[in-house]
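Let's take a look at this chain together, starting from one side chain and then stepping back to the whole fold.

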Amino acid sequence: MQKFAVFSLPIVQLVDSLVGSTNAMRVDAVLEKELEAGGEVEQRRVSSLVVHESLSSCVGQATAAFAIEVLKGRVQSGVQFPVELSDDNVDSILARVKDGALTWQVP
């Protein structure tokens with residue numbers, strides 16, 4: 001795998017220099033909630049779109065934002081699942097990552 005990475009790196013760099021290396025992630029989520037009466041199900045759809053100029057800088061920014069929360073003592077060090085973080089932690093991390101985004105459509 002390492003040999004393939006070394007071989008393909010110049011090709012990737014050439015393509016990136018010609019067309020850019022913008023990365024985007026879109027997340028579509030559906031929340032289903034059973035209503036009390038009659039067993040009907042209510043659906044709520046949410047979509048988010050985040051675009052960054054560079055994947056590597058985006059990943060670095062997200063890692064740094066999480067590390068800042070750890071250093072401030074707001075989050076325990078180690079592996080954390082998003083659902084384990086408080087809303088305040090999530091808001092703080094997302095606010096830091098938002099700074100470098102080309103597009104930020106998060107409800």
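## His 52 and its surroundings

In this predicted model, the side chain of His 52 comes within 3.4 Å of the backbone oxygen of Gly 100. Along the chain, His 52 belongs to strand E2, which covers residues 41-52.

Is His 52 buried or exposed? Its relative accessible area is 3%, under the 20% cut-off, so His 52 counts as buried. Setting aside neighbours within four places in sequence, the residues in contact with His 52 are Thr 22, Asn 23, Cys 58, Gln 61, Val 97, Gly 100, Ala 101 and Leu 102. Gly 100 thus appears here too, as well as offering its backbone oxygen to the side chain of His 52.

## The chain as a whole

Stepping back, you will find three helices and three strands, arranged along the sequence as α-β-β-α-α-β. The chain is more spread out than a compact globule, because its radius of gyration is 19 Å, well over the 13 Å that the globule rule gives for 107 residues. Along the principal axes, the C-alpha atoms fill a box of roughly 60 × 35 × 30 Å.

Of contacts between residues at least 6 apart in sequence, 52% link residues at least 24 apart.

## Surface and charge

Buried residues account for 14% of the 107 in the chain. The exposed area is about 8,600 Å², with 58% of it coming from carbon and sulfur atoms.

As for charge, the chain carries 9 positive and 14 negative side chains. The centres of these two sets are 7 Å apart.

Notes
Residues numbered from 1 in each chain as written. Predicted model: local features only at pLDDT ≥ 70, side-chain atom pairs only at ≥ 80, totals over all residues. Heavy atoms only, no water. Helix = DSSP H or I, 4+ residues; strand = E, 2+ residues; numbered from the N terminus. Buried < 20%, exposed > 50% of the residue type's maximum accessible area, 1.4 Å probe, protein only. Polar contact = N/O pair within 3.5 Å; in protein donor to acceptor, adjacent residues only side chain to side chain. Contact = heavy atoms within 4.5 Å. Rg over C-alpha atoms; globule rule 2.2 N^0.38 Å. Areas by Shrake-Rupley, 256 points an atom, 1.4 Å probe, with all protein chains shown as cover. Lys, Arg positive; Asp, Glu negative; His and termini not counted. Charge placed at Lys NZ, Arg CZ, Asp CG, Glu CD.
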